[in-house]
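Visitor: I'd like a close look at one part of this model, the place where a helix packs against its neighbours. Could you take me through it, and then show me what lies around it?

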Amino acid sequence: MKILFVHNDYAKPSGEEHAVQNIAGLLTSHGHQISWLRTSSDVIGDSASQKIKAFFSGIYSTDSRRRMESLLDQGKYDLVQVQNLYPFLSPSVLAPCRTRGIPIVMRCPNYRLFCPNGLHLSHGQVCERCVGGREWQCILRNCLDGRLKSAGYAVRNAFARMTRMILDNVTIFVVLSEFQKRRFMDAGIPAERIEILPNIAPKMDGNVDENDESDAISFVGRVSPEKGILEFLDAARKLPRNRFVVAGSTDAMPEVTRLAPANVEFTGFLRGKDLDDIFYRSRLLVFPSLWFEGFPNVVAQAMACGKPVVAMKIGALAEIVEDGKTGLLCDLEDRDELAQKIDFLWNRPDLCREMGKAGREKALAEYSEEKFYSRLMKIYEKALKR
């Protein structure tokens, strides 16, 4: 197939860039031809002119529509796959595909179709105030910590909703979990136009059964309040004899190192072998996220590495982490339970190995490249038929 990928990169590399590159690479390895309509938000920075441009182009970009029309006229594409449209592409690029009879598959790793910031999160708390055409709540609550930015996000969402530029032009919406599918259905997207496609669990090298030397309880990911870093530090404070490790950039929350107890080590942002080593050195991974995660790659990576996961019971996490089998789930309202369950697993290394093995088996069976590719092809086939 000849497939056009459409994506607006974030200002800082994110999981979405990683995911879209992996999908394109997987398709290329199976003989498909990939082309790109791509731009990046990294040009915005502190530039007032770029911020103004982003504000208006997020609502409707004539420029991007012309670029899309030119690409479609130059090459005969079988299908268009969309990731992120904001702020420089905008939903304006979708209509030219439909007028030419080219199906659009839109991958939705977040909730941006109904929530201006995409996270159902406002000032560290789960929030669904904007659902149902109340985007003005984003401005009222200043969800993006800047009135102009909050207004820009709210207006572009409202415009896309009222004009139905996304709903009427996208053929299939791809979500990452059953939990997300229910949210999309509740927001008005027909069930027959939503397909579930979990992420790929990374292939882990090394001996995943070597748990005897694992000496850490680890947090891997973005260091921010919604990711539960404060809850992780609180658990470390309650378990002073254990070694806790935080692998992730602290740029968004530099004060966190000052708030941490002495038994917490910060490694900073890691990738490649250095990141793999964190997983291998950990007896268990803690994922105390407090918001509606779509499908956290960190959890899948821990499972692929044969490590049990202690997570909060929220969003899709209850689908990925099987309580009592591949890890343990904690009640959001019980502030002591996280430390208790970490302590419970830490003192049972045999149970850690057993849960880790079950997690690895699930990752290999459900989240492999082969399974992902097979599911993706079925989604493409459905889109082509529609």
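Guide: Let's start with helix α13 and helix α14 (residues 349-366), which pack at an angle of about 100 degrees with their axes 6 Å apart. That angle falls within 65 to 115 degrees, so α13 counts as roughly perpendicular to α14. Keep in mind that you're looking at a predicted model. On the α13 side, the residues that meet α14 are Phe344, Leu345 and Trp346. Facing them from α14 are Pro349, Leu351, Cys352 and Met355. Sort that contact by class and you get seven nonpolar residues, with no polar and no charged ones.

Now follow α13 to another partner. Helix α8 (residues 229-238) packs against α13 (residues 337-346) at about 60 degrees, and here the axes are 9 Å apart. At that angle, α8 and α13 are oblique to each other, because 60 degrees lies outside the 65 to 115 range for roughly perpendicular and is not under 35. The crossing of α8 past α13 is right-handed. From α8, the contact draws on Glu231, Phe232, Ala235 and Lys238, while α13 puts in Leu338, Ala339 and Ile342. By class, the contact of α8 with α13 splits into five nonpolar, no polar and two charged residues.

Two names from that contact turn up again in the core. The largest nonpolar core has 94 residues, and Phe232 and Ile342 are among those with the most contacts inside it, along with Val6 and Ile229. Helix α11 (residues 297-304) gives this core its largest share, six residues. In general, nonpolar side chains tend to be buried together in soluble globular proteins. Take Ile229 as a close-up: leaving aside neighbours within four places in sequence, Ile229 is in contact with Phe219, Val223, Ser224, Val246, Met253 and Val256. There's also a second, separate core of 20 residues, which includes Phe5, Ile23, Leu26 and Val105.

Ile23 and Leu26 take us on to another helix pair. Helix α1 (residues 15-29) and helix α15 (residues 369-385) pack at about 85 degrees, axes 11 Å apart. That makes α1 roughly perpendicular to α15. Here α1 offers Ile23, Leu26 and Leu27, and α15 answers with Glu369, Phe372, Tyr373, Leu376, Met377 and Tyr380. In class terms, the contact of α1 with α15 comes to eight nonpolar, no polar and one charged.

Val6, which we met in the 94-residue core, leads to Asn84. Asn84 sits in the loop between β3 (79-82) and α4 (95-99). With a relative accessibility of 4%, Asn84 counts as buried, because the cut-off is under 20%. Setting aside neighbours within four places in sequence, Asn84 is in contact with Val6, His7, Asn8, Tyr10, Glu16, Leu89 and Arg112. Asn84 and Pro109 are 25 residues apart in sequence, and their C-alpha atoms are 9.4 Å apart in space.

One last stop is Ser122, in strand β5 (residues 121-122). Ser122 is also buried, at 1% relative accessibility. Not counting residues up to four places away in sequence, Ser122 touches Cys127, Arg141 and Cys143.

Technical notes: Residues numbered from 1 in each chain as written. Predicted model: local features only at pLDDT ≥ 70, side-chain atom pairs only at ≥ 80, totals over all residues. Heavy atoms only, no water. Helix = DSSP H or I, 4+ residues; strand = E, 2+ residues; numbered from the N terminus. Buried < 20%, exposed > 50% of the residue type's maximum accessible area, 1.4 Å probe, protein only. Contact = heavy atoms within 4.5 Å. Axes fitted to C-alpha atoms, helices over the stretch in contact; angles between N-to-C directions. Parallel < 35°, antiparallel > 145°, perpendicular 65-115°, else oblique. Left-handed = near helix turned anticlockwise from the far one by under 90°. Nonpolar A, V, L, I, M, F, W, Y, C, P; charged D, E, K, R; others polar. Core = buried A, V, L, I, M, F, W, Y, C linked by side-chain atoms within 4.5 Å.
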